[in-house]
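Reader: I am new to reading protein models, and I would like to learn how to look at one feature after another. Could we go through this one together, slowly?

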Amino acid sequence: RCYRSDREALFKGIQEVTYRAGGAIVRLRKASQFARWISSKRGPPFALLTDWREVKPCFEAFTQQEADRRDGLKFLAILAEQTSVYNRASGWVNRNMADTGYSGMAA
């Protein structure tokens, strides 16, 4: 979804804030790409911005990593443009925070 032309302004805003903070952006279309990326990643902290469709498989790939790789995720944001999606995503975040003890998620 982040590659759609109507999302370009949103992406540009995120990109600008990220670059000003000294960060970089890696754009991945699917959770399977994120799983491959995180399994080979070592290095600086990162944030994950995803939509409701991809958050569960992304989080599953994340939780299956060794502890030293899980330390890299500092923030998880779920893009929810509809109230119903926001409510489902918020509930999912709250349940997973309790189940995993991980406190770096926000909705």
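Reader: Let me begin with a helix: which residues are buried in helix 3?

Author: Keep in mind as we go that this is a predicted model. In helix 3, the buried residues are Trp 52, Glu 54, Val 55, Cys 58, Phe 59, Ala 61 and Phe 62. When you look down the axis of helix 3, these buried residues fall within an arc of 160°, so they line one face of the helix.

Reader: How far apart are the end C-alpha atoms of helix 3, and what span should its 12 residues have?

Author: At 1.5 Å a residue, the 12 residues of helix 3 should span 16 Å, and the end C-alpha atoms are 17 Å apart, which agrees.

Reader: How should I think about buried nonpolar residues, and how many residues has the largest nonpolar core here?

Author: The general idea is that, in soluble globular proteins, nonpolar side chains tend to be buried together. In this model the largest nonpolar core has 18 residues, and those with the most contacts inside it are Phe 34 and Trp 92. At least two residues of this core come from each of helix 2, strand 1, helix 3, strand 2 (73-79) and helix 5 (83-100). Helix 3 gives the most to the core, with 6 residues.

Reader: Strand 1 was in that list, so I would like to look at Thr 50 there; is Thr 50 buried or exposed?

Author: Thr 50 lies in strand 1, which covers residues 46-51. Thr 50 counts as buried because its relative accessibility is 9%, and the cut-off for buried is under 20%. Leaving aside residues up to four places away in sequence, Thr 50 touches Val 55, Cys 58, Leu 76, Ala 77, Ile 78 and Leu 79.

Reader: Now for charged residues: how many salt bridges does a search of the whole structure find?

Author: The general idea is that side chains of opposite charge can pair when their charged atoms come close. A search of the whole structure finds 3 salt bridges. One of them joins the side chains of Lys 12 and Glu 8, at 3.8 Å from N to O. Both residues lie in helix 1 (residues 8-20), 4 residues apart, which is about one turn of the helix. Lys 12 is partly exposed, at 44% relative accessibility, and Glu 8 is also partly exposed, at 29%.

Reader: Which residue meets Arg 20 in a salt bridge?

Author: The side chain of Arg 20 meets that of Glu 16, at 3.6 Å from N to O. Arg 20 and Glu 16 are 4 residues apart in helix 1, so about one helical turn separates them. Arg 20 is exposed, with a relative accessible area of 62%, whereas Glu 16 is partly exposed, at 46%.

Reader: And where do Lys 30 and Glu 54 lie?

Author: The side chains of Lys 30 and Glu 54 meet in a salt bridge of 3.4 Å, N to O. This pair links distant parts of the chain, 24 residues apart, with Lys 30 in the loop between helix 1 and helix 2 (31-40) and Glu 54 in helix 3 (residues 52-63). Lys 30 is partly exposed, at 47% relative accessibility, whereas Glu 54 is buried, at 15%.

Reader: Finally, which element of the chain has the lowest mean pLDDT?

Author: As a general caution, where pLDDT is low, the predicted coordinates should not be read in detail. Helix 4 (residues 67-70) has the lowest mean pLDDT among the elements, at 67, and helix 2 has the highest, at 89. The mean pLDDT of the chain is 80, and 81% of its residues reach 70 or more.

Definitions and conventions:
Residues are numbered from 1 along each chain as its sequence is written. Side-chain values use heavy atoms; hydrogens and water are left out. A salt bridge is a side-chain nitrogen of Lys or Arg within 4 Å of a carboxyl oxygen of Asp or Glu. Buried means under 20% relative accessible area, exposed over 50%, partly exposed in between (1.4 Å probe, protein chains only). Contact means heavy atoms within 4.5 Å. The expected span of a helix is 1.5 Å times one less than its number of residues. The arc is that of the directions from the helix axis to the C-beta atoms. A nonpolar core is a set of buried Ala, Val, Leu, Ile, Met, Phe, Trp, Tyr and Cys residues joined through side-chain atoms within 4.5 Å. pLDDT is the predictor's confidence in each residue, from 0 to 100.
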